[in-house]
Amino acid sequence: MGAEKNGFWNSPFAASRIKTEDVRMPEMLLGYFIGPFGALLSSGIFTSILQNYFTDVLKLNLAFLTTLQLVSTIFIIAANLIAGQLIERTNTLAGKARPWILLSALTLSVAGILMFVVPFQGEKEKMIWIAAAYNLFYAAAYPIYNTANSTLIPVSTRDSRQRGALASFTNVAGLGVMGAGSMVFPVLVSFALKEKQSRWFLAMLAIALFSAFTIYLQFMFTRERVTEEQMNAGGISQKKKAASLKTQLKAVTREKMWWIVMLFYMGFQWSGAMKNGSMSYYCKWVLDNTFFGNADAWGASQSLLSIMGAVPMAAAAAFVVPLCNKYGKRIICMLGMLCGAAGGMIAVLGNGHIVPVAVGVAIKCLGSSPACYMILAMLADVIDHIEYTSRIRTDGLTMSIYSSIMVAGTPVCNAIFSAVLNMSGYNQTADAALGITAQTAAAKAAIAGSYIWVETAAYIACAVLIFFFTVEKELPEEQAAIAARKG
């Protein structure tokens, strides 16, 4: 997409409704909370319940699911890298990420419902349809939106504190959809949708329409100030040539801080994906659900655990940004990871009893909140640091890799979990009404380890890793030097 004087992307229709130089509440609320919330809602539901839909509604073969999710990861990573380069080479008055946000109003919404159509009854035909629909969502539509959405943070403003606030809003939206996926939808599944595929389709169709509307709001109420700054520096009509992929790769891979924040995020995100993918199984087969009166109340148990995790994280939104501004993102995120690991240990000691497990989950989620809210702000700081050292912007590449880590985490961890279930003797035909007695001890141990132990260990490793993230110290001076070059 070029920056021609005429054309749709340079028309008043594509212009942002945000005209202020400072980031203000309408932009935060509509562009960085409501927009991403609607756009990511399908993904949040998929993270929590899609594996359960595949195994318990469509009755898909576990070996097929393992193969599908692992093979799809290759396409997902490639798609994210391509999306990043497309964004990097987009040069319009509307910006470089915003045009792709608008495109996603169609692609993300359509792709989000195809896995719930499944017009075939034969096992082979059903597998082919699901493989195609799964990759259309995760290896096409979602990478375009998620990479563009992530890129909006570093190009929104140079002000590190305002970027922190925007990152917080975006990640609160992400946590909100995870809460909807793990709190509301499981109750809907267990009491209404059950194994009725037509009901699943109608529910996802309504969500797709909602997503299209909110994505349009996000497009209208965001602004790329850094992109405008770069265009104005060379003249609006002059197309600025993006650095080659090789040059960008060289710039990011030789920077230690880039590696630290990416490895930190991978450990944090993938362990969370393993937890989320195994949560419904943990609530079905490991928790003692008689707390709610009967062994089949797993949906209520999952909602309780989700609420216990969501409330501390929601409360943390009020103080994470001020604490990070005062003490630095590195220290607050490190302490948060250690707090989360302590919560994980409490959940382990709960041994399937819902009260201590819920307490441990609450503490663990409270500890994870700084990393959830600040990861995009930390990445934006690293991008500015790389611009200072190498004189090129790497928004598209960095955010495409970030998006690859995020999106690939779900299929990779679900594939691993499917393999773990298969090896542990998981019974797909078990009756949830029988509760914890319906599965073998090996299957229950595998599920519990996936839900609690993996994330707890990852939090300890992430705490050690983020201790060495020191990019914030010299960032104000580096940003001043970047501004002086353009002046």
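**Note on the predicted model: S403, two positive-phi residues and the overall fold**

1. Setting aside neighbours within four places in sequence, S403 contacts N80, P143, N146 and T147. These contacts belong to a predicted model, and they are the starting point of this note.

2. One of these partners, N146, is also joined to S403 through the side chains, by a polar contact of 2.9 Å. N146 falls within the residue range of helix α4 (123-156), while S403 itself is part of helix α14, which spans residues 395-424.

3. Is S403 buried or exposed? Its relative accessibility is 0%, and S403 therefore counts as buried. The cut-off for that class is under 20% relative accessible area.

4. Two residues deserve attention for their backbone angles. Most residues other than glycine have a negative phi. V118 has a phi near 40 degrees, a positive value in a residue other than glycine. R391 likewise has a positive phi, near 70 degrees, and is a residue other than glycine.

5. Where in the chain are these two residues placed? V118 sits in the loop that links α3 (98-114) to α4 (123-156). R391 is found in the loop between α13 (354-390) and α14. Helix α14 is the helix that holds S403.

6. The surroundings of the two loop residues should be read separately. V118 has a relative accessible area of 3% and is therefore buried. R391, by contrast, has a relative accessibility of 59% and so counts as exposed; the class of exposed residues begins over 50%.

7. Regarding the fold as a whole, the chain contains 16 helices and zero strands. Along the principal axes, its C-alpha atoms fill a box of roughly 70 × 50 × 40 Å. The radius of gyration is 22 Å, which agrees with the value near 23 Å expected for a compact globule because the chain has 487 residues.

8. Two further figures describe the packing. Of the 487 residues in the chain, 59% are buried. Among contacts with a separation of 6 or more, 84% are between residues 24 or more positions apart.

9. As to the surface, the chain exposes about 18700 Å², of which carbon and sulfur atoms supply 69%. The chain carries 37 positive and 26 negative charges, and the mean positions of the two sets are 3 Å apart.

Technical notes. Residues are numbered from 1 along each chain as its sequence is written. This is a predicted model: local features need pLDDT of at least 70, side-chain atom pairs count only at pLDDT 80 or more; totals for chains, interfaces and linings use all residues. Side-chain values use heavy atoms; hydrogens and water are left out. Helices (H or I, at least four residues) and strands (E, at least two) are DSSP runs, numbered from the N terminus. The radius of gyration is taken over C-alpha atoms; the globule rule is 2.2 Å times the number of residues to the power 0.38. Buried means under 20% relative accessible area, exposed over 50%, partly exposed in between (1.4 Å probe, protein chains only). Contact means heavy atoms within 4.5 Å. Accessible areas come from the Shrake-Rupley method with a 1.4 Å probe; for residues, only the protein chains shown count as cover. Lys and Arg count as positive and Asp and Glu as negative; His and the chain ends are not counted. The place of a charge is taken as NZ of Lys, CZ of Arg, CG of Asp or CD of Glu. A polar contact is a pair of N or O atoms within 3.5 Å; within protein, one must be able to donate a hydrogen and the other to accept it, and residues adjacent in sequence count only if both atoms are side-chain atoms.
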